[in-house]
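This briefing goes through the architecture, the sheets, the core and a few selected side chains of one protein model. Please keep the sequence and the structure in view while reading.

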Amino acid sequence: MIDVTRTALILLIFSFALALPTTAQTDEAPPSGTITGQVINENGQPVSNATVFLRGTAPMFQPRIAGTDSEGKFHVAGLDPLLYGVSVAAPSYIMPPRDPESPPVYYRVGENITITVIKGGVITGTVLNMNGDPVVQIGV
């Protein structure tokens with residue numbers, strides 16, 4: 001008799017637990033959104049073929065990468081509702097240096113942003129030895 005009562009009690013508790021709502025049973029999709037924008041140079045001209053990097057503020061967030069089109073525009077979809085740091089890499093351009101005393105800039109899902117890059121420098125030349133002869137395969 002005790003085994004039957006114990007089994008019935010366990011089945012009753014189990015069926016009650018199944019009836020409780022859980023977050024896994026909801027039909028809502030996880031929230032997601034987009035960040036769009038344009039990359040321009042210091043003269044306001046669009047920068048095409050730039051690579052835009054988004055870094056979320058949540059731990060273990062995988063950075064998202066997008067490219068710009070011929071008008072310098074980019075679009076990153078499927079983002080969680082976090083704050084995002086954005087940086088850009090483009091041939092012959094760099095991000096302007098940030099004042100170390102100012103706080104970092106973060107963007108929110110739904111924003112349309114403009115990122116300005118500046119022309120980077122290139123150093124060229126020839127390394128010579130003490131006799132004035134070119135030196136090859138040397139790191140500079």
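Rings of Phe, Tyr and Trp (for Trp, its six-membered ring) are taken to pair if their centres lie within 6.5 Å, with planes under 30 degrees apart called stacked, over 60 edge-to-face and the rest tilted. By this rule the count comes to one aromatic pair. The pair is formed by Phe 61 and Tyr 84, which meet edge-to-face at 5.4 Å centre to centre with 70° between the planes. The model is predicted, with local features requiring pLDDT of at least 70 and side-chain atom pairs pLDDT 80 or more, while totals for chains, interfaces and linings use all residues. Residues are numbered from 1 along each chain as its sequence is written, and side-chain values use heavy atoms, with hydrogens and water left out.

**Overall architecture**

- The protein chain has one helix and eight strands, where helices (H or I, at least four residues) and strands (E, at least two) are DSSP runs numbered from the N terminus.
- Read from the N terminus on, the elements follow the order α-β-β-β-β-β-β-β-β.
- Of the 140 residues of the protein chain, 19% count as buried, a term that stands for under 20% relative accessible area, against over 50% for exposed and partly exposed in between (1.4 Å probe, protein chains only).
- Among contacts (heavy atoms within 4.5 Å) between residues at least 6 apart in sequence, 62% join residues at least 24 apart.

**The sheet with mixed pairing**

- Strands of a sheet pair through backbone hydrogen bonds, either parallel or antiparallel; here two strands are counted as paired if DSSP finds at least two bridges between them.
- One open sheet of four strands has the order E4-E1-E8-E6 and mixed pairing, and its edge strands are E4 and strand E6 (93–94), each of which pairs on one side only.
- Within this sheet, E1 and E8 run parallel and are joined by six bridges, and Ile 40 stands opposite Thr 116 in E8.

**The antiparallel sheet**

- Another open sheet of four strands is ordered E3-E2-E5-E7, with antiparallel pairing.
- E3 and strand E7 (107–108) stand at its edges with a single partner strand each, so one side of each is left without a neighbour in the sheet.
- Four bridges join E2 to E3 in antiparallel fashion; Thr 51 stands opposite Gly 67 in E3, and Leu 54 stands opposite Arg 64 in E3.
- E2 is also joined to E5 by six bridges, again running antiparallel, and the bridge partner of Arg 55 in E5 is Gly 85.
- The two faces of E2 differ in cover: Val 52, Leu 54 and Gly 56 make up the covered face, whereas Thr 51, Phe 53 and Arg 55 make up the uncovered one.

**The nonpolar core**

- A nonpolar core is a set of buried Ala, Val, Leu, Ile, Met, Phe, Trp, Tyr and Cys residues joined through side-chain atoms within 4.5 Å; the largest one has 19 residues, and those with the most contacts inside it are Ile 35, Val 39, Leu 54 and Phe 74.
- The elements giving two or more residues to this core are strand E1 (33–41), strand E2 (51–56), strand E4 (73–79), strand E5 (83–89) and strand E8 (112–119).
- Leaving aside neighbours within four places in sequence, Phe 74 is in contact with ten residues' worth of surroundings that include Ile 35, Val 39, Val 52, Ala 66 and Ile 113.- Val 88, found in strand E5, is buried with a relative accessible area of 9%, and beyond its neighbours within four places in sequence Val 88 is in contact with Val 39, Ala 50, Thr 51, Val 52, Met 95, Ile 115 and Val 117.
- Val 88 and Ile 115 are 27 residues apart in sequence, yet their C-alpha atoms are 7.8 Å apart in space.

**Selected side chains**

- The aromatic pair links distant parts of the chain, with Phe 61 in the loop between E2 and strand E3 (64–67) and Tyr 84 in strand E5, 23 residues apart; Tyr 84 is buried, with a relative accessible area of 0%.
- Asn 41 has its place in strand E1 and counts as buried because its relative accessibility is 9%.
- The side chain of Asn 41 reaches the backbone nitrogen of Asn 43 at 2.9 Å, and outside its neighbours within four places in sequence Asn 41 is in contact with Val 47, Tyr 93, Thr 116 and Val 117.
- Lys 119 lies over the face of Tyr 93 at 4.9 Å from the ring centre, where a charge sits over a ring if NZ of Lys or CZ of Arg is within 6 Å of the ring centre and within 35 degrees of the ring normal.

Terms used. Polar contact = N/O pair within 3.5 Å; in protein donor to acceptor, adjacent residues only side chain to side chain.
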